[in-house]
Structures are given as C-alpha cells and as structure tokens.
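I opened this entry to look up how two chains meet and, after that, where one chosen residue sits. The notes follow the order in which I checked things.

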There are 2 protein chains.
Amino acid sequence: MKRRVTLKQIAKELEVSISTVSKALKNSEEISKDTKEKIQAFAKLYNYRPNNIALSLKNRKTKNIGVIIPDIVHHFFTTVFRGIEQYAGEKGYNVMICVSDESFEKEVLNMELLANGSIDGFIMSLSAETQEKNDYTHLNEVLKQGIPLVLFDRVSEEVLCDKVILNDEEIAYEAVEYMIHTGKRNIALITTEGYFNVSYDRAKGYQTALRKNGLDYNDALVLTLPYKSEDDTDIWNFFENNEIDAVLCVNEIFAIKCMDVVQRQGKKVPEDISFIGFTNGILSRYSTPKLTTVAQHGELMGETAARLLIDRIENDLEGNHKTEVISATIIHRESTIN
Amino acid sequence: MKRRVTLKQIAKELEVSISTVSKALKNSEEISKDTKEKIQAFAKLYNYRPNNIALSLKNRKTKNIGVIIPDIVHHFFTTVFRGIEQYAGEKGYNVMICVSDESFEKEVLNMELLANGSIDGFIMSLSAETQEKNDYTHLNEVLKQGIPLVLFDRVSEEVLCDKVILNDEEIAYEAVEYMIHTGKRNIALITTEGYFNVSYDRAKGYQTALRKNGLDYNDALVLTLPYKSEDDTDIWNFFENNEIDAVLCVNEIFAIKCMDVVQRQGKKVPEDISFIGFTNGILSRYSTPKLTTVAQHGELMGETAARLLIDRIENDLEGNHKTEVISATIIHRESTIN
C-alpha cells in the first residue's frame with residue numbers, strides 16, 4: 001500500500017501549522033494566496049488526499065462512536081463502556097471499541113484505525129504509558145481536525161476537551177476519615193505503579209485526611225503494587241513488617257488479595273484490619289468478608305461521556321469544554337467497622 | 001445520506017445469485033454477455049458502488065480484524081479477546097470490537113459497521129438472540145462476499161466457517177463423574193435460559209454422566225436462571241425444596257451465588273454440597289470456599305481463532321473449514337471433596 005502524505009507531513013515540510021495546511025487545502029480566505037498556492041502544489045505533488053476522518057465529518061455524520069479503553073479485562077472500564085453503549089444506542093449511534101493495553105503506541109494505532117473507520121467522535125481513557133510519557137500529540141491532532149473527543153477517568157490537563165472524572169481526591173479523603181472515625185490510626189494506602197492521575201488524586205485525599213485528623217503521613221505505609229501480579233510476597237511482607245489497622249486500596253482486586261493475605265496471617269477483618277477498595281465489582285459483593293468499596297458509578301460515567309460527545313456532534317459545538325464530575329459513593333459492607 | 005443499491009438487492013431484483021452479480025460487475029468470463037449487460041446496466045442505473053468491504057478486500061489487506069462478542073462485562077469473552085489481540089498484535093494486525101449485547105439486531109448492525117471500517121475478517125461469538133432466532137443470513141452473506149469469518153464458543157452448524165469450540169459435553173461429563181466418585185448422588189445442574197449450543201452440550205454431558213453411573217435424570221434438579229439477576233429467590237427455593245448434594249453450574253457467577261445461598265441456609269460446602277462452575281475467573285480464586293471450576297482457556301481460544309483467521313487472510317484460503325476443539329481443564333479448589 002502506498003503511503004499518502006498527511007496533513008502533518010505537509011505542515012512539517014513547509015513549516016506551517018496543520019490548521020494552515022487544512023485551511024489552504026479548503027481554499028480558505030484566511031490564508032494568503034501565496035501560501036495557498038505553495039501548499040496546494042505540494043499536496044498535489046505528493047498525492048495528498050484528505051483522509052476518511054475529515055471527509056466523513058465534513059460530508060455527513062456516520063453515527064458511529066469510537067471508544068478506546070486501556071484494558072478490557074477490567075470491571076470498571078467494561079461498565080463505563082456499557083453506559084456509553086446504552087446512551088449511544090438510544091440516540092441511534094453505534095459504538096466500536098479498541099483496547100490500548102496500556103500502551104502508547106497501541107493507543108495511537110487505535111486512534112488511526114477507528115478514525116479510518118469513519119467515526120463522528122472519540123471517547124477515551126488514557127493508557128498508562130501515555131500518562132507516563134505525557135505525550136498527547138495524537139489526541140490534540142484529532143481535536144485540531146475538528147473531531148470531538150471526550151476523556152473519562154484517566155484524563156490530562158494538556159488536552160483541551162470535554163472530560164468526565166470521579167471526585168477521586170474527595171472520596172479517598174472520605175474513606176480514610178471514615179476509618180479514622182471507627183478508631184483506626186495506622187492506615188495504609190495500597191496503590192498502583194505508574195503515573196495515573198486517579199492514583200495521584202486518591203493518594204492526595206489519603207494524605208489530607210491523615211493530616212486533618214492529626215495523624216502523621218508515613219511513607220512506609222504506602223505500598224505500590226504492579227497492576228497484574230500473581231505473586232503475593234510483597235503483600236505478605238508489607239503486612240508482616242508494619243503495624244496496620246486499616247487499608248485504602250485503589251482498586252478492588254488489591255483489596256481482595258490483601259484481605260486474603262492478612263486472614264492467612266491470622267488477622268481478623270475488620271476487627272484487626274479494616275479494608276476499603278475502589279471499584280464496586282462483583283468481587284466485592286462475594287468476597288469474605290464482603291468488601292466495603294467505593295462505587296465509581298461506571299455506567300453513569302459512560303452515559304455522561306456519551307451525552308457530552310453526542311451533544312457536541314449533533315450541535316457542532318466548538319470550544320467551551322466541560323468537565324463533569326461524578327460523585328462516588330462508599331458502599332458499606334463487612335470489611336469495615338460500623 | 002442516499003442509500004446505495006446493494007449486491008443483494010440487485011441479485012433479488014434480477015433473480016440471480018449474489019455471486020453472479022458480483023462476477024458480472026467484475027466482467028467475469030464465467031458470466032454470459034447478456035446477463036452481464038443486464039446486471040451492469042441495472043447497477044449503473046441504481047448508482048451501485050462496490051462497498052468498502054469488497055473494495056478493501058480485493059485491493060489490499062487492511063490488517064484490521066473485527067471482533068463481535070455478546071457481552072463485555074464477562075470474564076470469558078474478555079480473556080478470549082485478549083488472546084485474539086495478543087496473537088493479532090504479533091502478526092501486525094489491529095483489532096476492533098463491537099458488542100452485540102446478546103441482540104440479533106445489534107449483531108447485524110455491528111457486522112455492517114465493522115465491515116465498513118475496512119477489515120480483513122471477523123471473529124465472532126453469536127448473540128443469545130441470534131441462536132434463538134436461528135437466523136444466520138448476515139454471517140452467510142459476509143462469507144459469500146469472500147470475507148473470512150471464525151466463530152468461537154457460540155457457534156452454529158448452519159454457518160460454514162472455521163470454528164473454535166470447547167469440549168463442553170466431555171468436560172461437563174468429567175465434572176459430574178468426579179462428583180459422583182466423591183460419593184455424591186443428587187446432582188443438580190444450574191444453567192442459562194436460552195438457546196446456547198454450549199449450555200445444550202453441557203447439559204448433555206451432565207445427563208450422560210448420570211446415566212452411565214446408574215443415576216436417574218431428574219427434571220426437578222435442573223434450574224434455569226436468567227443470565228443477569230440480582231434476585232436470589234429462585235436459588236433459595238431450589239435448594240430449600242430439593243435434596244441436593246452436588247451442583248454443576250454453567251458459569252462462575254451462578255456457582256458463587258448458589259454457594260452464598262446454601263451457606264446462608266446453614267449447609268457446608270463441600271461436605272453437604274459440592275460445587276463445580278465454568279469460567280476460571282478471578283471470582284473463583286477469591287470466593288469462600290474457593291471454587292472448583294472448569295478452565296475454558298479463553299486466551300488459547302482467542303489465539304486459536306486469530307491464528308485460523310490470519311492464516312485464511314494471508315493465504316487466501318477458501319473452503320476446507322476447520323473446527324478446532326480446546327480441551328477444558330478442571331481446576332480443583334475447595335468447593336469439592338478431594
């Protein structure tokens with residue numbers, strides 16, 4: 001397959017902005033005659049054809065939405081997707097998903113792939129690697145082309161678009177304070193490796209709750225775990241070597257694993273150690289004891305993202321980006337003291 | 001958007017087969033001059049343009065694969081997807097998914113949507129409603145157009161294509177026989193509503209195991225549950241009103257729910273009642289007691305499906321369809337007697 005020259009390449013070659021190239025190719029009056037001729041000649045020489053994205057957007061609505069999530073074997077993301085699909089379905093839109101698998105490169109490829117499949121807009125949650133690299137060129141380019149984008153949960157300040165986030169800091173604060181009020185003093189945080197805005201916000205809430213309640217923040221009580229690991233050694237040692245009477249975990253699976261470990265160490269949940277997790281999945285409802293957890297209302301988050309996107313698509317809205325905050329709820333079960 | 005006439009409509013209107021239309025439009029020598037002229041004139045009159053599917057397939061490989069699964073909040077399907085993606089990724093293919101949500105109509109829409117997004121082939125598991133309706137026109141049409149399709153898990157004999165299935169009947173037989181050998185006699189089956197080939201095969205294995213071991217099949221010991229239900233009343237009554245000392249459940253979540261109910265009724269697992277489920281998900285590993293379950297090797301199933309599809313795409317294979325059978329394994333944990 002012969003590679004066509006892209007808007008970006010033309011812009012780079014001629015040292016002008018992508019939007020200048022785009023406008024010149026549309027013969028816009030905003031661009032000077034000289035510049036237009038230069039760009040149009042170059043585009044012709046290198047066989048430029050506007051890509052499907054731009055074409056489909058200018059000419060007609062496709063009624064398709066592209067969704068990119070970091071992981072598919074993950075309760076939270078799949079419930080968000082369900083929310084997106086329900087809302088989109090009611091409005092007559094189809095939804096396609098790609099999975100970035102936490103990889104920057106795959107996220108970029110996915111965006112290209114979906115864009116070529118003619119979609120009206122994107123709903124995305126950033127991959128771990130994208131947040132780590134802090135490189136959002138692929139997102140900003142799509143936005144420059146006039147394709148609406150809504151980010152949810154894992155978002156970045158460097159991308160100007162509609163966003164749907166959880167009140168992560170606030171709910172982490174509330175969870176920790178709840179455990180303090182039940183008499184707990186040595187409260188640990190179990191979190192993910194990496195550069196997620198959500199983990200950062202939850203850690204901030206955890207620290208603020210300690211400080212406001214006159215407790216010291218202790219580095220030793222923060223355990224960072226790899227996202228996927230079958231090995232429990234780190235968890236075992238963490239609870240063996242530290243005096244801990246309560247734990248906030250940034251996800252459900254960490255909480256379930258830790259409860260399993262401490263119970264094997266002969267400790268009682270919640271009497272000796274309380275646990276609160278994030279993600280109100282099926283695991284939380286059927287664990288022993290049943291897990292107190294932060295419900296992130298994934299379906300509502302998905303619905304909200306779809307509503308923002310479809311609104312923008314159907315009303316050709318530009319600028320004026322909104323960030324909607326979903327209020328999490330703590331679901332009280334057996335792993336905390338009442 | 002103006003609807004273009006399709007191959008199918010031309011074929012119907014002129015009372016010829018779709019492949020005749022297709023060949024005529026390509027000026028094939030197999031088709032008589034008269035027929036060709038008639039078809040070509042008709043196509044021109046009604047503004048026929050070959051659709052993206054056919055175009056992309058004939059002209060070049062897109063290196064994209066379309067996947068349609070019935071449900072996304074489902075451990076088994078997401079692990080199959082992961083297997084597809086891993087294999088496809090290694091071979092340089094991108095993967096797009098759509099979710100049919102167990103609906104026939106959505107499955108048909110998804111197929112159209114993905115096909116328009118230019119893919120080289122499909123990997124699918126049939127929706128509940130498609131199996132219930134027993135209508136596979138949309139699949140057979142895609143196959144007629146020369147687009148390779150691989151079905152996994154939920155398949156149909158009425159679609160001639162590559163398939164990847166589990167040895168469901170055999171492994172259900174093995175699971176039931178295992179419980180009989182540990183002294184159980186009143187063995188229940190908890191299964192899904194609907195028309196799934198997999199549920200049918202598992203029920204067959206269950207019945208055969210009873211018969212071959214001299215036990216009577218008893219209708220009253222088969223409980224059919226809706227796929228998604230928060231209500232435990234049926235489960236509660238089933239175990240209250242029947243003498244049951246072992247249970248085979250066709251999925252993990254039914255098993256976890258039932259174990260929860262019988263333990264609340266004061267029965268001991270596995271001493272009073274043994275449980276074996278299907279789907280070796282995370283629930284099985286962290287339930288109390290930990291669930292003995294049939295590992296369906298979803299990733300292997302996904303890899304196998306992707307291998308069959310990519311093989312067919314890259315070697316332009318036709319006919320000679322294969323069915324590969326994945327051998328399930330029983331993972332012994334605490335919910336059965338050793």
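I began with the charged pairs, keeping in mind that this is a predicted model, and across the interface of chain B and chain A I found six salt bridges by the rule. One of the pairs I looked up is Asp71(A) with Arg82(B), whose side chains meet in a salt bridge at 3.5 Å, N to O.

I then counted polar contacts between chain B and chain A, and the result was eight residue pairs, both residues of each at pLDDT 80 or more. Next I asked which elements of chain B give two or more residues to the side that touches chain A. The list I noted is α5 (75-90), β2 (94-99), α6 (104-116), α12 (252-264) and α13 (282-286) of chain B. Sorting that side of chain B by class, I wrote down 17 nonpolar, eight polar and 12 charged residues.

For the extent of the interface, I noted that the contact takes 37 residues from chain B and 37 residues from chain A. The two chains bury about 3300 Å² between them, and 62% of this area is on carbon and sulfur atoms.

Last, I turned to a single residue, Lys44(A), which I placed in helix α3 (residues 33-45) of chain A. Is Lys44(A) buried or exposed? I recorded Lys44(A) as exposed because its relative accessible area is 73%, and the cut-off for exposed is over 50%. I also checked Lys44(A) against Asn110(A), 66 residues apart along the chain, and found their C-alpha atoms separated by 28 Å.

Methods: Residues numbered from 1 in each chain as written. Chains lettered and ligands numbered in written order. Predicted model: local features only at pLDDT ≥ 70, side-chain atom pairs only at ≥ 80, totals over all residues. Heavy atoms only, no water. Contact = heavy atoms within 4.5 Å. Buried area = accessible area lost by both parts, 1.4 Å probe. Salt bridge = Lys/Arg side-chain N within 4 Å of Asp/Glu carboxyl O. Polar contact = N/O pair within 3.5 Å; in protein donor to acceptor, adjacent residues only side chain to side chain. Helix = DSSP H or I, 4+ residues; strand = E, 2+ residues; numbered from the N terminus. Nonpolar A, V, L, I, M, F, W, Y, C, P; charged D, E, K, R; others polar. Buried < 20%, exposed > 50% of the residue type's maximum accessible area, 1.4 Å probe, protein only.
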